[in-house]
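Me: I'd like to learn how to read a protein model without getting lost. Could you walk me through one?

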Amino acid sequence: MLASELSRAQTTGRRPDNQPHPVRAICVTSGKGGVGKSNVTVNLAIAMACQRQRVMLMDADLGLANVDVLLGLQPRYNLSHVISGERTLKEIILTGPEGIKIIPASSGIQRMAELTPAEQAGVIGAFSELGDTLDVLLIDSAAGISTSVLNFSRASHDVIVVVCDEPASLTDAYALIKLLSREHGLTRFHILANRVAGSHEGRELFNKLFKVAERFLDVTLNFLGMVPEDPHLRKAVKTQQAVIQAFPDSPSASAFRRIAAQLKGRPMPYAASGALQFFIERLVNADYHAERL
Ligand SMILES: Nc1ncnc2c1ncn2[C@@H]1O[C@H](COP(=O)(O)OP(=O)(O)OP(=O)(O)O)[C@@H](O)[C@H]1O
Ligand SMILES: [Mg+2]
């Protein structure tokens, strides 16, 4: 590679062959609510940033414990202002710990699959400008099987299903995986066991889901790892900080770092469509979903 090409790639973020920079889109979801999705997303985002990845976190859940609340941030604008043309995408993005970029929650995010063609073009254009500045897009999605969860999961390269050791969490996770595989053609899922007593319990929880999924569904489940039940995490939530920052030596913080390293070590599933622009196109373009089935 010529030195001039290398330095251009470093300053523009663009690869010397002029291909758009790949951005890995990872959707964090769950069957049941309250299992720890938002904490998983925020802490993984910070852990990945510490591993020198450029991370953007999209808060796609309108629930109460939003990402901005978890991190003590006060967003003034959100994606609905970008869709309406009042603000640019760059103007609504917040900066969190370790420089992570955050798109705050808004009804605009839920509306992504129902935009007019002009709105679609605007949003795709805005995101494609950001693509070269990012390596990972992490999405904190809502729980359950709403249209928005399905759309984000389908558009992402990786889907992380968070489960905890409660019967409803497992049965709802199974129902979500079944719907995403049978109706929407997804076949690979990462399973993260949260709030477990230790690694053995985490693996056991995974095995329960794995056994039924293997028997009745045509899917591949990967055990991404476990995060233990940790009072430090609850303490950090109360002070509006991520546990990985407030208590970096705590058991949950170490678990998040391990999981981030695991994810980094796994190749991106379909690299050809890795540009951020393609993720947004998949998200807003209903026809794409039909084609993929
Ligand atoms: N590993 C853990 N150890 C201890 N407590 C935890 C852990 N993970 C989550 N919690 C507790 O569960 C609460 C809910 O977590 P969180 O808000 O991340 O869940 P969620 O799945 O995003 O919820 P929702 O479905 O409402 O968006 C936290 O505020 C915390 O008190
Ligand atoms: Mg949440």
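Me: Let's start with the overview. How many helices and strands does the protein have?

Reply: Keep in mind that this is a predicted model. The protein has 15 helices and eight strands. Of its 293 residues, buried ones make up 52%.

Me: What share of the contacts with a separation of 6 or more comes from residues 24 or more positions apart?

Reply: That share is 78%. As for the outside, the protein exposes about 13,400 Å², and carbon and sulfur atoms supply 52% of that area.

Me: Now a single helix. How does the span of helix H10 fit with its number of residues?

Reply: Start from a rise of 1.5 Å a residue: the 18 residues of H10 (199-216) should then span 26 Å. The C-alpha atoms at the two ends are 26 Å apart, so the expectation and the model agree.

Me: Which residues of H10 are buried?

Reply: Here you look for residues under 20% relative accessible area. In H10 these are Gly202, Leu205, Phe206, Leu209 and Ala213. Look down the helix axis and the buried residues fall within an arc of 95°, so they line one face of H10.

Me: And what sits on the face turned away from that buried side?

Reply: That face carries the exposed residues His200, Lys211, Glu214 and Arg215.

Me: What do the buried residues of H10 pack against?

Reply: They pack against helix H9 (167-182) and three strands: S6 (158-163), S7 (188-196) and S8 (220-228).

Me: Let's turn to the ligand. How many residues surround ligand 1, and which are the closest?

Reply: There are 18 residues around ligand 1, and the closest are Gly34, Lys37, Ser38, Asn39 and Asp61. For the polar side of things, check the distances between N and O atoms. A polar side-chain atom of Asn39 is 2.8 Å from an oxygen atom of ligand 1. Gly36 uses its backbone instead, with an N or O atom 2.9 Å from an oxygen atom of the ligand. Pro228 also takes part through its backbone, where a polar atom lies 3.0 Å from a nitrogen atom of ligand 1. To judge how covered the ligand is, begin with the 640 Å² that ligand 1 exposes when taken alone; the protein buries 83% of that.

Me: I'd like to try a loop residue too. Where does Asn78 lie, and is Asn78 buried or exposed?

Reply: Asn78 is in the loop between helix H3 (67-70) and helix H4 (79-83). With a relative accessible area of 16%, Asn78 counts as buried because the cut-off is 20%. The Asn78 side chain makes a polar contact of 2.5 Å with the side chain of Ser80. Leaving out residues up to four places away in sequence, Asn78 touches Ile92, Pro104, Ala105 and Ser106.

Me: Last topic: backbone angles. What should I know about phi in general?

Reply: Most residues other than glycine have a negative phi. Arg195 is not a glycine, yet has a positive phi of about 60°. Arg195 is found in strand S7 and is partly exposed, at 40% relative accessible area.

Me: Where is Gln240 placed, and what is the phi of Gln240?

Reply: Gln240 is in the loop between helix H11 (231-238) and helix H12 (243-246). Gln240 has a positive phi of about 55°, although it is not a glycine. Its relative accessible area is 38%, so Gln240 is partly exposed.

How values were computed. Residues are numbered from 1 along each chain as its sequence is written. Chains are lettered from A and ligands numbered from 1 in the order in which they are written. This is a predicted model: local features need pLDDT of at least 70, side-chain atom pairs count only at pLDDT 80 or more; totals for chains, interfaces and linings use all residues. Side-chain values use heavy atoms; hydrogens and water are left out. Helices (H or I, at least four residues) and strands (E, at least two) are DSSP runs, numbered from the N terminus. Buried means under 20% relative accessible area, exposed over 50%, partly exposed in between (1.4 Å probe, protein chains only). A polar contact is a pair of N or O atoms within 3.5 Å; within protein, one must be able to donate a hydrogen and the other to accept it, and residues adjacent in sequence count only if both atoms are side-chain atoms. Contact means heavy atoms within 4.5 Å. The expected span of a helix is 1.5 Å times one less than its number of residues. The arc is that of the directions from the helix axis to the C-beta atoms. A residue is near a molecule or strand if one of its heavy atoms lies within 4 Å of it. Accessible areas come from the Shrake-Rupley method with a 1.4 Å probe; for residues, only the protein chains shown count as cover.
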